[in-house]
Amino acid sequence: MAKLHIVTEGDRVLRLKSRPVTEVNDRIKTLLDDMTETMREADGCGLAAPQVGVLRRVVVVETEPGVVYELINPVIVEKSGDQHEVEGCLSVPNKSGYTHRPAYVKVEALDRNGNPVTYEGRDLLARAFCHEIDHLDGILYIDHAEMIDN
Ligand code: NI
């Protein structure tokens with residue numbers, strides 16, 4: 001595994017739309033492993049591939065230590081409720097702000113073996129799924145957050 005460089009706000013790559021993964025191969029598995037290591041080293045609870053300069057629809061989320069969600073080509077297929085909580089982003093260091101997110105989401109994706117998976121997330125996990133999937137479309141939480149003065 002390798003720790004990857006996390007790009008920060010101002011880097012154009014964060015604003016581009018990522019392409020779907022067409023084949024879940026060893027390169028994608030290595031990317032997933034490296035992204036998880038990078039997320040953990042940075043003490044984050046989620047990371048999207050464009051944050052490490054890779055414009056592919058790949059996300060890792062770990063809101064509960066030891067429980068890693070690996071999402072390839074994720075799509076939110078259901079959402080409900082509303083939460084207004086504080087979030088941050090490894091690509092926007094030392095900042096945080098309040099966002100509105102669904103309280104519940106259902107996500108369909110492929111796992112590291114290319115098999116379809118469905119995950120449900122509530123509260124923090126729902127927030128993390130939404131935040132990371134937004135990254136795949138070039139959206140940062142600061143685009144719609146009420147920022148907190150630090
Ligand atoms: Ni982020």
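Start by selecting Cys-45, Gly-88, Cys-89, His-131 and Glu-132: of the 15 residues that line the second largest pocket, these lie nearest its centre. You are looking at a predicted model, so treat this tour as a walk through a prediction.

**Stop 1: the second largest pocket**

Keep those five residues on screen and look at the space beside them. The volume of this second largest pocket is about 240 Å³. Which element gives the most to its lining? Colour helix H2 and you have it: H2 contributes six residues. E4 also takes part, since E4 and H2 each supply at least two residues of the lining. If you colour the lining of this pocket by class, expect six nonpolar, six polar and three charged residues.

**Stop 2: the nickel ion**

Now select the nickel ion and show the side chains around it. Which protein atoms are its donors? They are SG of Cys-89, NE2 of His-131 and NE2 of His-135, at 2.1 to 2.2 Å from the ion. Along the chain, these donors follow the spacing C-x41-H-x3-H. Trace the backbone from Cys-89 to His-131 next: Cys-89 belongs to strand E4 (residues 83-89) and His-131 to helix H2 (residues 124-135), so this pair ties together parts that lie 42 residues apart in sequence.

Are Cys-89 and His-131 buried or exposed? Both are buried. For Cys-89 the relative accessible area is 10%, and because buried means under 20%, Cys-89 falls on that side of the cut-off.

**Stop 3: the cysteines**

While a cysteine is selected, show the sulfur atoms of the others too. How many disulfides does a search of the whole structure find? The count is zero. Cys-130 is a good residue to check: the closest cysteine sulfur to its own is that of Cys-45, 12 Å away, which is too far for a bond. Cys-130 is itself buried, with a relative accessible area of 6%.

**Stop 4: three rings in a cluster**

Next, select Tyr-69, Tyr-119 and Phe-129, which ring pairs link into a cluster. The whole structure holds two aromatic pairs. Begin with Tyr-69 and Tyr-119: their ring centres are 4.9 Å apart and their planes meet at 80°, so this pair is edge-to-face. Follow the chain between them and you will find that the pair links distant parts, with Tyr-69 in strand E3 (residues 67-80) and Tyr-119 in strand E7 (residues 116-122), 50 residues apart.

Then turn to the other partner of Tyr-69. Tyr-69 and Phe-129 are also edge-to-face, with 5.4 Å from centre to centre and 85° between the planes. Here Tyr-69 in strand E3 meets Phe-129 in helix H2, so the pair ties together parts 60 residues apart in sequence.

Switch on a surface to see how these rings sit. Tyr-69 and Phe-129 are both buried, and Tyr-69 has a relative accessibility of 18%. Tyr-119, at 22%, is partly exposed.

**Stop 5: the largest pocket**

Move on to Asn-25, Arg-27, Ile-28, Val-54 and Arg-56. Of the 13 residues that line the largest pocket, these are the closest to its centre. About 300 Å³ of space lies in this pocket. How does its lining divide by class? There are five nonpolar, three polar and five charged residues.

**Stop 6: a loop residue**

Select Val-52, in the loop between strand E1 (46-48) and strand E2 (58-64). Val-52 is buried, with a relative accessible area of 13%. For a sense of scale, draw a distance from the C-alpha atom of Val-52 to that of His-144: the two residues are 92 apart along the chain, and their C-alpha atoms are separated by 22 Å.

**Stop 7: two backbone angles**

Most residues other than glycine have a negative phi. The last two selections have positive values. Asp-43, although not a glycine, has a phi of about 65°. You will find Asp-43 in the loop between helix H1 (26-41) and E1, where its relative accessibility of 71% makes it exposed.

Finish at Asn-94, another residue other than glycine with a positive phi, near 60°. Asn-94 lies in strand E5 (residues 92-101). Is Asn-94 buried or exposed? At 74% relative accessibility, Asn-94 counts as exposed.

Technical notes: Residues numbered from 1 in each chain as written. Predicted model: local features only at pLDDT ≥ 70, side-chain atom pairs only at ≥ 80, totals over all residues. Heavy atoms only, no water. Donors = N, O, S within 2.8 Å, 3.2 Å for Na, K, Ca; no water. Helix = DSSP H or I, 4+ residues; strand = E, 2+ residues; numbered from the N terminus. Buried < 20%, exposed > 50% of the residue type's maximum accessible area, 1.4 Å probe, protein only. Phe/Tyr/Trp six-rings, centres within 6.5 Å; stacked < 30°, edge-to-face > 60°. 1 Å grid on protein atoms, 1.4 Å probe; cavity = no way out; pocket = protein on both sides within 12 Å on 5 of 7 lines; lining within 4 Å. Points joined across faces, edges and corners; volume = space filled by probe spheres on them. Nonpolar A, V, L, I, M, F, W, Y, C, P; charged D, E, K, R; others polar. Disulfide = S-S within 2.5 Å.
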